[in-house]
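Please look first at the sequence and the model, and then follow the account of enclosed space and ring contacts given below.

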Amino acid sequence: MRNTVYFLLFLLFATSCVTKKELVYLQGERLNRNTPTDFQSNFTAYKLQPNDVLSVKVLSIDPEMSSMFNIINPNSAFGVSDPGSMYMSGYTIDTEGNINLPVIGKVKVLGLTPTQAQELIQTNLNRYITDATVVSKLISFKISVLGDVKNPGHFYIYNERANLLEGLSMAGDLTQGANRDNVKLIRQKGENSQIILLDLKDPNLVQSPYYYLMPNDVIYVEPRQTQLKRDNLIVLTTILGLISTGSLLYNVFK
């Protein structure tokens, strides 16, 4: 009985070992220590959609003029870091693609990049003030990271060119038991959802159009098969230990 237990434990241990090849990101023979390897970027600027929230602040040397356009003091607004406060001070894009600004009125920003939206708002503002500057930022850039990461949750991003690895780093990186071959990215595309599988070990990942994050992306990291085997090994070890102990006690009392 004892030999059988040891043999089964050996088999489970051998099949649940983790190798370096399973853990390292961006592997490949093209990469070397002496010269950088160039990869073409496939970054596409985000196009604004309904329910996105923009922060729009008007800066002017004349406080009275800027106060006509700003809901709250623009100087204090830029210091706000709480997402809830930023949401309350922002402008939500309605179902028709408009934001409704004080004095200026409705401005259609649907389908524009955040930079283009800022330029359009500036153009509309110039009809009322000639010495003011518009600063507009997308403040509803949120991602969710789930699964085998150290700190799963949702995170707000203040960088329009944030990438997948940055998003994972916000969640504390992957655990050792995480599967780096099949990271799932769920992305909203209009009324539909897209799911794409990404391999973190492939250096060509940086050329993928899914390498750069978009608002409302969800990243799911599944466990590796070896991790599941390791978890099963713990359970089986406990069960076999109880069986072995029970057998020993049976033989003693017999």
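A cavity is here a set of grid points where a 1.4 Å probe fits but cannot get out, and a residue belongs to its lining if one of its atoms lies within 4 Å of such a point. In this predicted model, a search of the whole structure finds two cavities of 30 Å³ or more. The second largest has a volume of about 50 Å³, and its lining is formed by Val56, Val58, Phe69, Tyr91, Leu101, Pro102, Ile104 and Ile121, a set that divides into eight nonpolar residues with no polar and no charged ones.

The largest cavity holds about 60 Å³ of space, and the residues lining this cavity include Phe43, Thr44, Tyr46, Glu160, Leu213 and Met214; its lining divides into nine nonpolar residues, one polar and one charged.

Phe43 leads from this lining to the aromatic contacts, of which the count comes to two pairs. Phe43 and Tyr212 form an edge-to-face pair, with 5.1 Å from centre to centre and 80° between the planes. This pair links distant parts of the chain, since Phe43 lies in the loop between α1 (2–15) and β1 (53–60) and Tyr212 in the loop between β9 (192–198) and β10 (218–221), 169 residues apart. Phe43 is partly exposed, at a relative accessible area of 24%, whereas Tyr212 is buried, at 12%. The rings of Tyr211 and Tyr212 have centres 5.3 Å apart and planes at 75°, and therefore this pair too is edge-to-face. Ring pairs thus link Phe43, Tyr211 and Tyr212 into a cluster.

The charged end of Arg161 sits over the ring of Phe43, 4.2 Å from its centre, and also over the ring of Tyr212, 5.3 Å from its centre.

Technical notes
Residues numbered from 1 in each chain as written. Predicted model: local features only at pLDDT ≥ 70, side-chain atom pairs only at ≥ 80, totals over all residues. Heavy atoms only, no water. 1 Å grid on protein atoms, 1.4 Å probe; cavity = no way out; pocket = protein on both sides within 12 Å on 5 of 7 lines; lining within 4 Å. Points joined across faces, edges and corners; volume = space filled by probe spheres on them. Nonpolar A, V, L, I, M, F, W, Y, C, P; charged D, E, K, R; others polar. Phe/Tyr/Trp six-rings, centres within 6.5 Å; stacked < 30°, edge-to-face > 60°. Helix = DSSP H or I, 4+ residues; strand = E, 2+ residues; numbered from the N terminus. Buried < 20%, exposed > 50% of the residue type's maximum accessible area, 1.4 Å probe, protein only. Lys NZ or Arg CZ within 6 Å of the ring centre and 35° of its normal.
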